[in-house]
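Visitor: I like to go slowly over one part of a model before I look at the rest. Please give me a close look at the pairing of strands and at what packs on them.

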Amino acid sequence: MILACQNISKSFGVEPVIRNVSFHVEDQEKVAIVGINGAGKSTLLKIIVGELPADEGTVTLAKGKTLGYLAQHQDMDDERTIYEAVLEGKRQLIDMEQKIRELEEGMQSVSKEDMEAYMENYHKLLHEFEARDGYSYRSEVSGVLKGLGFSENDFEKHCNELSGGQKTRVSLARLLVTHPDIILLDEPTNHLDIESIQWLETFLLNYKGAVVIVAHDRYFLDRIVTKVVEISMHKSAVYDGNYTEYARKAEFAREEALRAYYNQQREIKHQEAVIEKLKSFNREKSIKRAESREKQLAKIDVLEKPQEEKSEMHMTLTPSIISGNDVLQVEGLSKAYENKKLFQDISFEIKRGERVALIGQNGTGKTTILKILNEKVDADAGSFTLGTNVKIGYYDQEQQVLHMEKTLMEEIADDYPKLTQTRIRNILAAFLFTEDDVFKRVSDLSGGERGRLSLAKLMLSEANFLILDEPTNHLDIASKEILESALNRYEGTVLFVSHDRYFINRTATRILNLTEQNIVNYIGNYDYYLEKKETNERAYLNTGEAVEEVKIEAVSEGKTDWQFQKEEQAKKRKIQNRLKKVEAEIEALEEKLAELDEQFQDPAVATNSAKLGKLHSEQVEVQEKLDKLYEEWEALESD
């Protein structure tokens with residue numbers, strides 16, 4: 001065991017955050033801490049690393065073990081370059097290398113008497129340097145930086161000039177190259193694109209130390225962790241397995257606890273009714289029996305009713321009118337900033353009812369495309385056309401569509417003046433803004449709260465074409481699942497940018513990958529994209545001719561989603577029709593076999609060898625046909 005938390009409790013004022021939280025981490029174990037926003041996950045990490053004192057309980061780190069911590073937000077006022085800042089994580093090796101050089105330079109001045117001890121010290125230091133991969137530490141720093149999305153051109157940028165997200169990535173890189181025995185990560189994927197998240201997954205899976213992660217990225221947690229610590233209603237529960245296994249087990253545990261509570265309540269009410277009835281007889285024996293039952297009832301350990309976190313927002317997306325079948329047509333779109341070309345001559349179309357995910361590395365121009373479609377930014381070249389009756393609802397990850405100086409009530413009322421105050425309060429309550437929350441200013445809200453407010457406005461818009469930029473950022477897992485459900489029920493059309501692969505997998509019917517300044521189309525969800533990506537993009541990056549071939553296959557010749565769905569439906573109908581025919585034929589042949597069996601049992605047939613031979617031949621023929629039909633039936637059922 002490398003880390004143990006025993007009965008950790010923490011309150012801020014009179015409000016408890018966590019109470020009697022206990023769990024342990026084994027050496028090399030990968031553990032997730034999950035819970036709704038505000039459950040106390042980040043507080044728990046800060047207590048473990050000593051940034052916050054616990055009110056009660058103990059944190060025990062195994063003797064001689066080192067601990068590394070990545071907080072959600074980094075205040076990095078550092079004049080060093082990105083490369084220098086991360087290289088500092090290798091300070092011990094840098095100092096060791098410097099000492100080795102000094103020893104090498106000083107060899108000539110060492111006397112013969114001291115040379116043996118001098119060389120022994122030198123070889124000991126050299127051996128330790130080699131054992132700690134000293135000759136490759138600079139290439140390791142470069143590899144980690146590239147893995148986390150920095151190019152070599154970025155290495156010389158100064159840290160104090162970086163955005164908050166870039167500073168977090170630099171801090172993560174520096175932490176990873178130090179190789180602590182246990183790493184604590186608070187939302188490490190928030191500022192990473194999909195490729196960087198995949199790189200981090202591989203790194204952590206192969207990491208020799210232990211890892212504790214707070215994250216809302218379910219795909220990431222599914223890939224990495226083998227144990228989940230749930231913080232709910234201030235308490236902790238530990239589940240073995242990845243996120244999906246945890247979710248299943250936790251739901252089962254909640255259902256069992258609720259069932260046990262209601263069963264016990266029914267039994268208590270039944271016993272109370274029996275006691276009341278016995279007393280009503282008003283006889284000595286019946287009263288004694290009633291008293292006996294009362295004593296037994298008093299000994300029952302009454303279960304508390306399982307409580308649910310009040311975390312679930314309520315969201316329903318309903319378009320006011322149905323758009324035409326052609327929702328969006330993009331032709332020859334191009335955009336560059338300061339001589340950096342984002343995308344060149346891209347074209348794609350979106351049909352009614354599609355849910356299209358636009359993915360790609362950070363900096364490729366995904367958000368820029370959405371801004372062009374919302375006329376927030378002008379394209380350098382190309383055009384786009386919206387279809388008949390298309391009404392856009394836009395979710396901006398930077399929340400620029402919100403007015404920072406307004407209260408929440410004003411933000412809704414000014415855009416929807418026909419709504420009553422009661423209706424506005426109900427809508428805000430559905431997105432977890434209750435009581436005096438509605439009078440907060442937008443500028444005072446957290447990122448997650450602003451996200452929920454933007455979703456509330458999106459729901460009220462009654463748009464039939466939703467354009468969403470990172471809609472799951474800052475949402476806890478429960479809120480993500482509610483948004484997924486709302487989008488899957490939505491009768492309009494959706495185009496969204498996201499790096500949340502679980503969310504993409506659950507909602508997308510098509511994926512557009514913005515790569516090499518162009519678009520490659522995949523008809524399917526994220527798992528389908530992963531399956532086809534390597535083959536397509538190897539060809540895509542091969543030669544000009546191959547690029548054209550893949551573009552045609554993936555974008556031009558690839559069926560639009562509505563055509564694809566039409567063909568799939570026709571194929572399914574054909575299979576179902578054939579399935580019914582096969583089942584009817586099987587039923588008829590089974591009846592035929594039964595008739596043949598009856599004839600075999602006829603005493604008159606038993607003595608007629610010619611008749612028996614004919615029946616046997618017929619039986620074999622029917623059985624062969626039946627076997628083939630069963631094979632066909634199984635194949636049709638598996639389609």
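Guide: Two strands pair if DSSP finds at least two bridges between them. Strands (E, at least two residues) and helices (H or I, at least four) are DSSP runs, numbered from the N terminus. The model is a predicted one, where local features need pLDDT of at least 70 and side-chain atom pairs count only at pLDDT 80 or more, while totals for chains, interfaces and linings use all residues. Residues are numbered from 1 along each chain as its sequence is written, and side-chain values use heavy atoms, with hydrogens and water left out.

Let's start with the sheet of three strands, which is open, antiparallel in its pairing and ordered 2-1-4. Strand 2 (15-25) and strand 4 (56-61) are its edge strands, each pairing on one side only. From one strand to the next, the twist averages 20°; angles here run from 0 to 180 degrees between N-to-C directions, with axes fitted as lines to C-alpha atoms, for helices over the stretch in contact. Strand 1 (residues 3-12) and strand 2 run antiparallel and are joined by seven bridges. If you would like a pair to click on, Leu 3 has Val 25 in strand 2 as its bridge partner.

Now for helix 1, which lies across strand 1, strand 2 and strand 4 and runs at about 120° to strand 1. Contact means heavy atoms within 4.5 Å. Helix 1 (residues 41-49) also lies across strand 3 (30-34), strand 5, strand 6, strand 7 (210-214) and strand 8 (227-232), at about 150° to strand 6. Follow helix 1 there and you arrive at strands of another sheet.

That sheet is open too, with six strands in the order 5-6-7-3-8-9 and mixed pairing. Strand 5 (67-70) and strand 9 (235-240) stand at the edges with a single partner strand each, so one side of each has no neighbour in the sheet. Here the twist averages 15° from one strand to the next.

Strand 5 deserves a pause. Strand 5 runs parallel to strand 6 (residues 182-186), and four bridges join the two. Across this pairing, Tyr 69 stands opposite Leu 184 in strand 6. Helix 6 (residues 164-178) packs on the sheet as well, touching strand 5 and strand 6, and its direction makes about 170° with that of strand 5. Strand 5 and strand 6 are thus a good place to zoom in, with helix 1 lying across both and helix 6 touching both.
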